[in-house]
Amino acid sequence: MRSTIRGRLRAWGILGVTLAVVAGTAAAAPAEDPRGDLSPDITAIMNKPAYKHAQWGLLEIDPEDGRVVHSMYPDQFFMPGSTVKLITISGAWHALGPDHRFTTPVNAIGVRNGSTLTGNLALVAQGDLTMGGRTKPDGSVDFTPIDHTYADDVPGATLTPEDPLAGLDEIARQVRDSGITTVDGDVVIDPRLFAPPPISPQPTPLIINDNVIDLLSTPTTPGQPAQLSWRPQVAPYQVTSEVRTVDAGGTTDIQVSASPDGTNITLSGTIAADSKPALKISPVQDPNAFGRTALIEALGRAGVTVTAPPTGPNPVGTLPASYAGDPQVAAFVSPPYREYAKLILNVSHNLGANLALCNIAVGRGSSNCFDGFPVIHDFLIGTANVDPTQFQMADGRGDVPVDRVTPAGLNQLLAYWLRTPDADAFRTSLPILGVSGTGALFCTTDCPAKGKVFAKPGTIIGFDQLNQQLAINAQTYAGYLEADDGHLFTFFVGVNGAAAPGIQGFFDVNDDVDEIAVILQQEACAERSHRKAALPAIRPSAPVVRP
């Protein structure tokens, strides 16, 4: 049971789950019941058996005047899960700027003789999260409600239609347009921008397709092999499928195994004939060697010949100390960072959140990704006017036991954004309930709050071996509630220490937290309507009668 739970729950809705049973943070309840001002519908949810030993927190504030609408343990630490990404991306948004673009150059090292370069091409990696692999024709970044990076854990993960090698193809075309048709030498990836930090998933200076291979199995007829498609297809990666189609209504259960270097991948198992295509992923073990080969192959497609063998290790030892005098022959420019922020927050992109720490550090001249934390610390104090001791962080995604937030801290951070020119851009970069990102998974039909809650969810789940049940250490939700008149409230609602007997119980907890947000949004609408009705009518002045 444990392997099934761990396999399916690492990332649900949630997306950004921590699969480790960690110590709770619940404090003793005060003598006065903090639930006294909550509606019966909310207290009924909080009093369910799943929350017998749990700790709820809730804080809703009207940022217009600072009025506290509801408050329950606002200054207590809660395990946050992926609501930590609100802090990380706020720091990156401020440090980099929403219009920042990553420019990945390619330099020609050696001697040009006509169309032949005798020497090497060096792609200098710049920490671009997508390298064009999700960029739509309008320049925005594409995503689906359940991202492909969660495909091994969450049923329903899907691919975006864009070519994950699009950025490398564009670079190759630029090299050809520069007049180079032959590279009598090698292609090398320069990964010296930053040292990959010891966090998971580990960010790297060059990232192609989120450093994974996508593996899509489509059922055929019962008894026959499933149809396999995979991407990006780069040598020496090879994929073999032993997945067979079984009768409609049968079991879909696909396993993925790979050689130690990740280049030989095998799928096995079954897929039901009436099943939708099933997506799995396999990690790229060496992103630099993978990127080197992918670029050599892209150059070949563009009409540029490279004499070095296309596969093999990345020859990092051949890189120069600097590129002074080495002409730039290509450069790939990313979409603006606000598009990356929208991707990271909407799908809870864990790699992108951890990478944000590195992006921040590099922007301050450091190759140590953890040097991003002091920048975030200073942003909280000096710009957002938020006490940073209300948060504890050791990664960018909310995946380590040290991570903690207070409801008050998150509300203050959310209120800060409303005072900035980027207020609307930041708010709409969050998942929207019933509409976009992970928010699209709830409130889909007959839901009065659809499109009116802009918020980031987070989850931490483990398996309780003693009681053979799920330990839902955290289910949290933080963002903005929009009343019918457009007025915004900031909010946090979450629970630490819930328990559930199985997968459906977890889904119920997730839905309970979302349902409380829906109730709060509807209460906000009613309150705004009542306040407007209570305002004295404005009557026209009586005419002045003159003698």
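Which order do the 3 strands of the open sheet with mixed pairing have? The order is β10-β12-β11, where strands are DSSP runs of E of at least two residues, helices are runs of H or I of at least four, and both are numbered from the N terminus. Two strands pair if DSSP finds at least two bridges between them. The model is predicted, so local features need pLDDT of at least 70 and side-chain atom pairs count only at pLDDT 80 or more, while totals for chains, interfaces and linings use all residues. Residues are numbered from 1 along each chain as its sequence is written, and side-chain values use heavy atoms, with hydrogens and water left out.

In this mixed sheet, β10 (238-246) and β11 (253-258) are the edge strands, each pairing on one side only. Strand β12 (residues 264-272) runs parallel to β10, and 9 bridges join them. One position to look at is S241, whose bridge partner in β12 is L267. Neighbouring strands here are turned by 10 degrees against each other on average, direction ignored; axes are lines fitted to C-alpha atoms, for helices over the stretch in contact, and angles run from 0 to 180 degrees between N-to-C directions.

Another open sheet has 3 strands in the order β9-β8-β13, with antiparallel pairing. Its edges are β9 (227-231) and β13 (278-283); each has a single partner strand, so one side of each is left without a neighbour in the sheet. The average turn between neighbouring strands of this sheet is 20 degrees, direction ignored. Strand β8 (residues 212-218) is joined to β9 by 5 bridges, and D214 has R231 in β9 as its bridge partner.

Turning to the helices, α3 (residues 85-96) packs with α6 (residues 337-347) at an angle of about 175 degrees, the axes being 11 Å apart. That makes α3 roughly antiparallel to α6, a term for angles over 145 degrees. In the contact (heavy atoms within 4.5 Å), K85, L86, I89, A92, W93 and L96 of α3 meet Y337, R338, A341, I344 and L345 of α6. These residues divide into 9 nonpolar, no polar and 2 charged; Ala, Val, Leu, Ile, Met, Phe, Trp, Tyr, Cys and Pro count as nonpolar, Asp, Glu, Lys and Arg as charged, and the others, Gly among them, as polar.

Y337 also appears in the largest nonpolar core, of 95 residues, where W56, Y337, Y477 and I516 touch the most other members. A nonpolar core is a set of buried Ala, Val, Leu, Ile, Met, Phe, Trp, Tyr and Cys residues joined through side-chain atoms within 4.5 Å, buried meaning under 20% relative accessible area with a 1.4 Å probe, protein chains only. Helix α11 (residues 503-534) supplies the largest share of this core, 11 residues. A second, separate core has 44 residues, including V106, V284, A294 and A308.

Technical notes
Parallel < 35°, antiparallel > 145°, perpendicular 65-115°, else oblique. Buried < 20%, exposed > 50% of the residue type's maximum accessible area, 1.4 Å probe, protein only.
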